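Here is a friendly note to read alongside the structure. Please keep the model open and follow the points one by one.

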Amino acid sequence: MLLSNTSDSMTGGVPLSVDFDGPEDHFVFIFQILFATATVLVAGTVVIGILATRALRHQNRFIFMLNTSVCDTLVGFSVYYLGLFDVQEGYPSRNGTYNVLPSLLGVNIMTFLFAQFDRYFAVCHPFIYSRFITRRVVISANIYCWFHVYAQTTILNCLPLSKAVQLYVFSIVSLQVIVLTKVVMTIKLYVIARFQVERDPPSAEKDSKKESLRIVIFVVISFLLLWCPSFVNIVLRLLIGGGLIFRNEATNLFAIMARLNAVCTPTVYLWGSPALREAVGRTVWGRVCPRCKRR
């Protein structure tokens, strides 16, 4: 209790997420610190690696990676608040951020969708892609993801509660359409990677196509697997009054799973792209640990 009261005075009255009455409270608190730190380190290094490497910055697929990694880095920083303090987002809210921090996942959802369409046209319609899908178009699409999500969040916060809840329900329904589209596109990209690209003669372009498709497929599948439980729970609570209710964001298992995407996604990027691993090793870890750079 002494620790909790001290935190109240230091954080303007916002208590910690746990009471430290048992070992499970200590585990939750330590996990949130480690998770936030790991996310910032992994996603942040991807951001630095791409920004510091000209060859990567000028490839459309790495622009999408950069956008999601910026989101993931911010998600990591957000866990220092959502995970360590007694915060409940949504309706009703307690010590919340007006859905500003949870909306980062929405930016990622839209970015992944645009990335899927980008890879589809790059592989299946290369002539159209090279002519119309320029770097400026890709950057504009990534900026639109931020604008769309946070414009909607701003409107939700400005409306009366009854209207805001109605719009929130409508956004959940729209999200179902996006998720269904992502599933269809994932299957489509898998078929393309499995049959169409495999028939191409060996070349550097073929390897690049396979790499980019593999990354997008793994990222989207992991995102859906980790995020869908939270999505289903929200739908159950809104539509039929069921679902699980947690004490706060730190103990919300489904929200934690959804935020785990912030460390899984950049990890998949590093696993699937040798060029990105080399860039991160040279620009980040090579400076921290000279031995890593030589290896």
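1. F20 is a good place to begin: with a relative accessible area of 21%, F20 is partly exposed (buried means under 20% relative accessible area, exposed over 50% and partly exposed in between, using a 1.4 Å probe and protein chains only). F20 sits in the loop between helix 1 (2-10) and helix 2; helices here are DSSP runs of H or I with at least four residues, numbered from the N terminus. The phi of F20 is positive, near 60 degrees, and F20 is not a glycine. Most residues other than glycine have a negative phi.

2. A word on the basis of this note: the model is predicted, local features need pLDDT of at least 70, side-chain atom pairs count only at pLDDT 80 or more, and totals for chains, interfaces and linings use all residues. Residues are numbered from 1 along each chain as its sequence is written, and side-chain values use heavy atoms, leaving out hydrogens and water.

3. N95 also deserves a look, with a positive phi of about 55 degrees although N95 is not a glycine. You will find N95 in the loop between helix 4 (60-82) and helix 5 (103-124). Its relative accessibility is 30%, so N95 counts as partly exposed.

4. How many aromatic pairs does a search of the whole structure find? The search finds twelve, where rings of Phe, Tyr and Trp (its six-membered ring) pair if their centres lie within 6.5 Å, and planes under 30 degrees apart count as stacked, over 60 as edge-to-face and the rest as tilted. One of them is the stacked pair of F31 and F35, at 5.9 Å centre to centre with 10 degrees between the planes. F31 and F35 are separated by about one helical turn because they are four residues apart in helix 2 (residues 23-51). Is F35 buried or exposed? F35 counts as buried, at 6% relative accessibility, while F31 counts as partly exposed at 29%.

5. Y120 and F121 give you an edge-to-face pair, 5.3 Å centre to centre and 75 degrees between the planes. Y120 has 19% relative accessibility and so counts as buried; F121 has a relative accessible area of 32% and is partly exposed. Elsewhere, F112, F223, W227 and F231 form one aromatic cluster.

6. Next, look at R214, which lies over the face of W271, 5.9 Å from the ring centre. A charge sits over a ring if NZ of Lys or CZ of Arg is within 6 Å of the ring centre and within 35 degrees of the ring normal.

7. Now for helix packing. Two packed helices are described by the angle between their axes and the distance between the axes. Helix 2 packs with helix 11 (residues 261-272) at an angle of about 35 degrees, and their axes are 9 Å apart; axes are lines fitted to C-alpha atoms, for helices over the stretch in contact, and angles run from 0 to 180 degrees between N-to-C directions. On the helix 2 side, F35, A38, T39, V42, A43 and V46 take part, meeting A262, V263, P266, T267, Y269 and L270 in helix 11 (contact means heavy atoms within 4.5 Å). Residues of this contact divide into ten nonpolar, two polar and no charged; Ala, Val, Leu, Ile, Met, Phe, Trp, Tyr, Cys and Pro count as nonpolar, Asp, Glu, Lys and Arg as charged, and the others, Gly among them, as polar.

8. What does N142 touch, leaving aside its neighbours within four places in sequence? N142 is in contact with I63, F64, N67 and T111. N142 lies in helix 7 (residues 135-158) and counts as buried, at 4% relative accessibility.

9. R247 belongs to the loop between helix 9 (204-239) and helix 10 (253-259). At 40% relative accessibility, R247 counts as partly exposed. Setting aside neighbours within four places in sequence, R247 is in contact with S17, V18, D19, D86, Q88 and R94.

10. Finally, try F117 in helix 5, which counts as partly exposed at 31% relative accessibility. Beyond its neighbours within four places in sequence, F117 is in contact with T181 and M185. The C-alpha atoms of F117 and T186 are 9.9 Å apart, with the two positions 69 residues apart along the chain counted as their separation.

Definitions and conventions
Helix = DSSP H or I, 4+ residues; strand = E, 2+ residues; numbered from the N terminus.
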